[in-house]
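Welcome! Let us take a look at the pockets of this protein, starting with a word on how their residues are sorted.

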Amino acid sequence: MEGRCARSGRLVRLLILPFLAQWASTGLGSPREGPVPPLRGIERLAANVEPKVVAWRRDIHQHPELGNREVRTAALVAAHLRSLGLEVTTGVAHTGIVGILRGRSASPVVALRADMDALPVKELADVPFASRVRAQYNGREVDVMHACGHDAHTAILMGVAEVLSARRATLPGTVKFVFQPAEDSRPDDEAGGAAEMIKAGVLDQPKVDAIFGLHVGPLPHGTIAYRPQGAMAAVSVFTISVAGRQTHGAMPWAGIDPIPIAAQIILGLQTIVSRQLDLTSAPAVLTIGTLSAGTQNNIVPAKVNMSGTFRTFVPAAREDVATRIRRTAESIASGAGATAEVSFSDNGTPVVFNDPSLTARMVPVLERMAGEDHLMLMPPFTAGEDFAFFQERVPGLFIFLGTSAPGADPARAAPNHSPYFTVADSALIVGVRALSALAIAYLGDRPTR
Ligand SMILES: [Zn+2]
Ligand SMILES: [Zn+2]
């Protein structure tokens with residue numbers, strides 16, 4: 001979950017889903033009827049593996065690795081998957097691991113994804129397995145911490161691999177375990193993450209029919225949160241360079257001052273969200289995060305540079321807002337006799353778009369695994385996640401798992417990316433149950449081809 005997941009504390013203002021009943025008859029039975037046959041036994045298998053999941057999580061937490069450097073973590077994962085008899089491919093898109101578990105039929109194929117990278121954050125959390133690791137990052141030495149909880153994701157998916165392996169003989173399809181590097185951090189000059197794993201063919205051979213993933217965060221302990229369609233924002237990154245003509249600050253009329261033009265552009269950009277988009281259909285956010293110009297008080301500079309990000313929740317909105325940014329910046333600049341050069345970075349991510357029918361089918365499964373009153377519908381979340389790249393290719397569902405301490409007020413919990421971020425061990429089993437059940441329900445939930 002990228003930078004703005006620090007705001008995930010807002011997720012606590014969720015609504016208990018009032019309309020579960022409408023989904024309860026989608027082929028999996030009422031949530032209150034108890035486990036249907038494909039899900040029976042998941043709780044017991046998850047409980048068996050729970051101590052290992054906790055131990056793995058603590059071990060990975062104490063040995064965090066930055067994006068594209070998850071060498072130790074990947075070795076731990078690969079050894080475990082091999083011990084379960086899975087077909088394992090290593091070194092996928094740098095340090096990624098893919099494990100294939102073939103059940104009693106080849107298809108359908110469901111993928112489960114965990115990310116493995118840590119962040120350049122100095123850990124301040126008071127836990128006995130706190131990280132003391134330092135590493136090189138973009139040419140300097142930094143502290144490293146699993147401040148986004150990807151240690152939990154990795155350990156949970158290792159546990160799921162063990163649960164599903166135990167049911168291999170009856171599993172009506174294939175499960176592909178995708179352990180992904182570099183979701184949150186990687187050196188500026190390196191490609192990585194979900195997009196690179198897709199390029200490496202992770203969704204092919206065998207072709208993946210659907211994909212599931214989860215993210216931990218400061219929601220109430222053991223709670224699962226989800227949202228159909230746009231759940232997390234498409235992240236777009238842009239720069240604008242406003243070029244005027246340099247002159248003496250005492251005689252601005254002798255040049256073209258790009259500073260007030262840049263100021264007008266910033267205000268103009270803010271009217272895109274507030275005045276031009278239909279915010280009743282989907283929210284959007286536009287932020288200018290950097291602004292730089294000039295060398296001294298009495299020189300009108302030649303240029304102003306700024307950069308920003310915008311967040312959208314509908315696939316088509318991304319291109320639309322980009323067009324409006326370009327038009328606004330260029331028109332304001334040209335109206336003042338200057339020029340504005342707008343460019344959009346390749347570093348963004350698409351919207352985390354949860355397939356509506358897949359989500360509806362899986363909601364009763366999630367409720368059964370989380371327990372009644374522990375499933376929440378989340379509002380749109382303006383952070384991004386590169387899981388979205390998988391969802392551009394195949395139907396997918398990305399859920400959130402509450403890992404606040406039991407009984408703690410999530411609103412007071414340290415958010416993801418905080419140096420105080422912690423994950424409650426006792427909530428991990430809910431993640432193991434949920435991902436295991438999603439895979440089994442998906443595979444068993446349709447006729448075997
Ligand atoms: Zn993150
Ligand atoms: Zn994350």
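In what follows, Ala, Val, Leu, Ile, Met, Phe, Trp, Tyr, Cys and Pro count as nonpolar, Asp, Glu, Lys and Arg count as charged, and the others, Gly among them, count as polar. Please keep in mind that this is a predicted model.

With that sorting, the lining of the second largest pocket divides into 5 nonpolar, 2 polar and 3 charged residues. You can find them in the structure: Ser236, Val237, Phe310, Pro315, Arg318, Glu319, Ala322, Phe344, Ser345 and Asp346 form this lining. Which elements supply at least two residues each? They are β11 and α7 (315-335), and α7 gives the largest share, with 4 residues.

Now turn to the largest pocket, which has 34 lining residues. Glu183, Asp184, Arg186, Asn347 and Gly348 are the ones that lie nearest its centre. Four elements are worth finding here: α5 (194-199), β11 (234-243), β15 (303-312) and α9 (387-393) each give two or more residues to the lining of this pocket. The largest share comes from α5, which contributes 5 residues.

Here are the two pockets together:

| Pocket | Volume | Lining residues by class |
|---|---|---|
| Largest pocket | about 960 Å³ | 12 nonpolar, 8 polar, 14 charged |
| Second largest pocket | about 180 Å³ | 5 nonpolar, 2 polar, 3 charged |

One strand is a handy landmark as you explore: β11 gives residues to the lining of the largest pocket and also to that of the second largest pocket.

Notes: Residues numbered from 1 in each chain as written. Chains lettered and ligands numbered in written order. Predicted model: local features only at pLDDT ≥ 70, side-chain atom pairs only at ≥ 80, totals over all residues. Heavy atoms only, no water. 1 Å grid on protein atoms, 1.4 Å probe; cavity = no way out; pocket = protein on both sides within 12 Å on 5 of 7 lines; lining within 4 Å. Points joined across faces, edges and corners; volume = space filled by probe spheres on them.
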